[in-house]
Amino acid sequence: MGWTDCHVHVLGGGLEALEELALSQRAYGYDRSNFLCVEGMGDCAQNALGIAFKLLSPNHYAFGSLHYRFPYDFAEEARQLWEIGFDGIKMIENKPTERKRLNYRQDDDRYHSFYRTLQELGIPLLAHVNDPRDFWDPELAPQWAIDAGYAYTDGTYVPFETILQESVSVLEKYPRLRVCFAHLMFLSDDGICLRQLMDRFPNMWLDITSGTEMYVNFSKDPGFWRKFFLDYGNRILYGTDNCNHTSPHDIEISNTINAMQKRFLTTADEFPLWESRIHGISLPEAALQNIRNNNFSRFAGEKPRPVDREKALRYLECRMIHPHFNLTAVEAAIIEKICEKVA
């Protein structure tokens, strides 16, 4: 059996980038891929791209997202995306950069009806919260993060612990909400805390999409983490963050990460990863099958939900004519092309 990738994106690209992503996913050996829309980052063509991704292959999933162009009913948007045929909802809103820009707490009152709707309809949520803890520390933030604008050392960003506590607050208020926290909730440096959360909240899931710091932390205590993977292996999803990379450098990084993640799960090897060393945990076949395929079926469905083309077309055409969206020329061109494909 192949692999399911629960976590892929197209950022700053259109249909051509989407098609190239689909081809590269097959080349990496992923039988199923889940496209995560991130309109919370300011791109109102993302949900259109999610619809197009689903139409490219019967094995493609997509999680829709919320936009922030003007005030509207988040719960109704989630319901509409579900009726169109999206397989879940993605939230990028509490990545620290977006949190600073949007200034919406995870447990903000404006999200209450949204969370209730997800809970009532059984819509899965895949949420990015926080970033590596070191990014808040001026002595520990890596240079690549500083260069990318992901160093949160100037006091203007919401603290790591605040965002974490908000996540706990949402889980407490909505115990039936099925939510997967991307990148292991950035708690690979605190496995005890993560164990406590997984024990306390049985509908909480995790994905193991790199951040490579996660795999470096795993390798500091492979015995602890192997037991973690065995104990909670029915609520862990495999993902990559594969994207529409174009430069040879980015493609080389992607190749390295994809190979590293699979080697970590399947072997007991110790091997280099740039300046670090990774120690594999060699999961038994049953646990491996769960993480690389079976768990995603239980989280998001055995098969992708079909796209209702009529509802999808109405949704996209509304974006084209609604002046409050104030689409950029690039967004409008992408949505127009996808409307043609949906029709």
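Strand 5 contributes 4 residues to the lining of the largest cavity, the most of any element. Helices (H or I, at least four residues) and strands (E, at least two) are DSSP runs numbered from the N terminus. The model is predicted: local features need pLDDT of at least 70, side-chain atom pairs count only at pLDDT 80 or more, and totals for chains, interfaces and linings use all residues. Residues are numbered from 1 along each chain as its sequence is written, and side-chain values use heavy atoms, with hydrogens and water left out.

The structure holds 1 cavity of 30 Å³ or more, and the largest cavity has a volume of about 100 Å³. Among the 14 residues lining the largest cavity, M91, Q106, Y115, L125 and A127 are the closest to its centre. Two or more lining residues come from each of strand 4 (88–94), strand 5 (125–129), helix 7 (160–173) and strand 6 (179–181). A cavity is a set of points on a 1 Å grid over the protein atoms alone where a 1.4 Å probe fits but cannot get out; lining residues have an atom within 4 Å of a point. The lining comprises 10 nonpolar, 4 polar and no charged residues.

No disulfide (a pair of cysteine sulfur atoms within 2.5 Å) is present, the search of the whole structure finding 0. The sulfur of C6 is too far from that of C180, its closest cysteine sulfur, for a bond. C193 is likewise in no disulfide. Buried denotes under 20% relative accessible area (1.4 Å probe, protein chains only).

| Cysteine | Closest cysteine sulfur | Relative accessibility |
|---|---|---|
| C6 | C180, 5.7 Å | 1%, buried |
| C193 | C180, 16 Å | 17%, buried |

Conventions
Buried means under 20% relative accessible area, exposed over 50%, partly exposed in between (1.4 Å probe, protein chains only). On a 1 Å grid over the protein atoms alone, a cavity is a set of points where a 1.4 Å probe fits but cannot get out, and a pocket is an open set with protein on both sides within 12 Å along at least five of seven lines; lining residues have an atom within 4 Å of a point. Grid points are joined across faces, edges and corners, and a volume is the space filled by probe spheres set on the points. Ala, Val, Leu, Ile, Met, Phe, Trp, Tyr, Cys and Pro count as nonpolar, Asp, Glu, Lys and Arg as charged, and the others, Gly among them, as polar.
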